[in-house]
Amino acid sequence: MKGILTTLLLVTMSVGLSAQFGGFGGGAPKIKGKITGIIIDSISAEPIGYATLSMKKSGKKKILNGALSEDNGSFSFTDVSPGIYEIEISFIGYATKILAKVETTKKKPDRKLGRITLVPKAFLLDEVQITEKRALIENKVDKIVFNAEDDASIAGGDATDVLQKVPMLSLDMDGNVSIRGSQDVRILVNGKPSGMFSTNVGDALKMFPADQIKRVEVITSPGAKYDGEGSGGIINIITKQSNIEGIAGTVNASGGTRQNNANVNLNIGKGRFGFSSNGSIFYMIPADAIVEFGRVDDSGQSLYSLDGITRTSRIGFNGSASAFYDFNAYNAINTSFTLRGHSFDRDGTSTGAFGPLVFDRTSFGGSLNSGYDWTMDYTRKFEDSDVRELVFAGQLSGNVQNQDNLVKDILTGGDILRNDIIDNEGDNQEITAQVDYVQPIGKTKLEVGVKSIIRNITSDSRFIPDNNRSNIFDYDQDVYSGYASYNFNLGKLNIVTGLRFERTVIQGDGEVIAQRFSNSYDSWLPNFAISKGFKNFRNLKFAYSQRLQRPSLFYINPFRNTADFANITQGNPLLDPEITRQYEVSYNTRILGFTVFSSVYYKRTDDLIEQFSFSELVPGSNEEIQINSFNNVGINKSIGINIFTSKSIGKFTIRGGGDVYSYNAEGTVNGQALSNSALSYRLFTNGDFSFSGSIKMDFFGFFQAPRFTLQGQNPSFSIFGFGIRKDFDKASIGIRVIEPFSANKAFDSDIQGDGFRSISKFSIPFRSFGLNFRYKFGKVNFKKRKSRIKNTDQKSGDAQGAQGGIGRS
């Protein structure tokens, strides 16, 4: 009996202790697991990074946990107790998705949801037709996306018509693009560099058909994995070249009073193999431009004047082919080849006065740009992780820019002042090799890579009859780089930090001693970004980046272009690279049904590269000519803000916004201390209206205020246009109208130099009407492949001069 009482006492004590302290050994363990999955686009099957997820108990309102998806679309909820949950997934531009009754149990605490599709708002489909239109402009954590294929008003146009409608982008009269006022921009095509943008960006964009563009991505704060160049940002043009299962294609043709183009796209896919090709031609009907140029001294007395008419025309082609093969789920190879060419002809007559000389000028000028890009990638994935990846990539590029000028000046008495042939041939060859590796580390991700770019450029200048001025200039530029980027979450904060190192080795060799030089420099380029997502699509982000801008051959080519003997353009081979540091805060939200994207930034640029004009005395004369070259003019400190908003009311959607930024530069050039402070801005609006499911109308308009330099200002620019499109089962037809209320546009610039002032005026027909037809055939099941090559490492030229070219992205 005593033994039984003792046993009962011990049991009672143990139960009491268990209730108070959790029992011996902590009692039964609390089983916790995780819920994982991958979020993808329902149309393209591409992963959706930075989607917002929230989890709560089924039938409850309190949110228990939140997360953001990774770059590859994967997400994970950890420390999940057994139970039934509801998960909500949302991302701007996609329909919100709710996963109900997601259950975990003690026996199966881990739940793999697999691939979860989000439907773009443009593709909320039933079995028959599209029922809701996708957002024309989407804001993602690292970029702004403009879905060009959804805009009827660009049909029959070129790439400039597309880019001028993208938030934060602006174009000048020559088609040169800038991001928030900076032309230090890198342009990629399908994530890859293209030599077509290596010299004259404006000309290249004009021969790129708008109907070939699917969407445009704008990246204002590129990370360490991008080349250090492009201090203004990166523009990635995604074309409609895609790989499919089966056979599909499109035929597009447009004709009008200004522009005409046609392109054919063919895609073939079978199993693990895919092939895609595209061919396009472009022709601009000749137009007569009125050109006026004048230079006066400080007292207002004329030093030089030239007035006349120049007839301009453009023609070009672009062809590409790409193929991929997936050996298995872990090994794939991808290759692509692009061939291009376009010409720009300028024939004019004018009357000029230079000092006591009065003359009539006849000129015939033209430029021919042609080139190719061949890229090949090998991708190795691994069984232990969907994130882990190793990529080897290589690219071979070539680009040629030839300029031919024939100029004849005849004095009023009939004597020939000059009869010159002025030619320049620029040839660029480029070899790129790189290796990229992505390693997951728990819930974080580490990206590392190395890259080398070997460039060889030759500029051959010929002058007839004065052959003594002819010159051959060789320029080598080699860039060796490595980077590391780390992506991790700290609570509900997403953080990306990275560091890029670049070593640049350059060497020049010409027939003039000043053109023989060599130099090398090292650049350490850090970047940091932190973002936090909130409910209702709100997002707050801070980013810092340091980047550089190397001058391309457009800026350093010593070719002395004397097509206008009193207004000469010449490069500067001794330029240093620009260094830019940028701080940016962005915030996105919804207010009263309006979607608002906004950002504020501060940018400091050292060794700022700008065109600089100065006077040069003509030997044996008291007359002075104007030399337009390039210099590291000083420092620019810029503060800016940009806002974009959109609102849908029934079948009507309107968008609008603008950019305001300061120019605050100072420096010393040729012993002359200069400074200039000004405020510039850009305003834009666009919208669309659906008359029915198959008839749509779009409109757009924008105004770019004058942009400033240390010596003055460049012209302002504005444009308005609209389009209407009727869609059929496999075809569409549309009309496009640009500037219906203004037949011509005038562009004025004003430059103040030491002892002179130059004013130029340029007027050209702008009103245009066009008709577009599109036909689709075959089956559409997209499987996209991209190269890892992104040569974004040079400051390319614009259309303000015509010099040789250098390859860059």
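This passage describes a four-stranded sheet and the surroundings of one serine, S470, in a predicted model.

The sheet is open and consists of four strands. Their order is β3-β2-β5-β6, and the pairing is antiparallel. The edges are formed by β3, which spans residues 63–68, and β6, which spans residues 97–104. Each of these two strands has a single partner, so one side of each is left without a neighbour in the sheet. From one strand to the next, the twist averages 25 degrees.

The pairing at the β6 edge can be described in further detail. Strand β5, made up of residues 83–90, is joined to β6 by six bridges, and the two strands run antiparallel. Within this part of the sheet, G83 lies opposite T104 of β6.

The residue S470 is found in a loop. This loop lies between β23, which covers residues 444–464, and β24, which covers residues 471–490. The relative accessibility of S470 is 15%. Residues under 20% are classed as buried, and S470 is therefore counted as buried.

Two polar interactions involve the side chain of S470. In one, this side chain reaches the backbone nitrogen of F463 at 3.1 Å. In the other, the side chains of S470 and N467 are joined by a polar contact of 2.9 Å. When neighbours within four places in sequence are left aside, S470 is in contact with S461, R462, F463 and E511. F463 thus appears both in this set of contacts and as the residue whose backbone nitrogen is reached by the S470 side chain.

Note on methods:
Residues are numbered from 1 along each chain as its sequence is written. This is a predicted model: local features need pLDDT of at least 70, side-chain atom pairs count only at pLDDT 80 or more; totals for chains, interfaces and linings use all residues. Side-chain values use heavy atoms; hydrogens and water are left out. Buried means under 20% relative accessible area, exposed over 50%, partly exposed in between (1.4 Å probe, protein chains only). A polar contact is a pair of N or O atoms within 3.5 Å; within protein, one must be able to donate a hydrogen and the other to accept it, and residues adjacent in sequence count only if both atoms are side-chain atoms. Contact means heavy atoms within 4.5 Å. Two strands pair if DSSP finds at least two bridges between them. Axes are lines fitted to C-alpha atoms, for helices over the stretch in contact, and angles run from 0 to 180 degrees between N-to-C directions.
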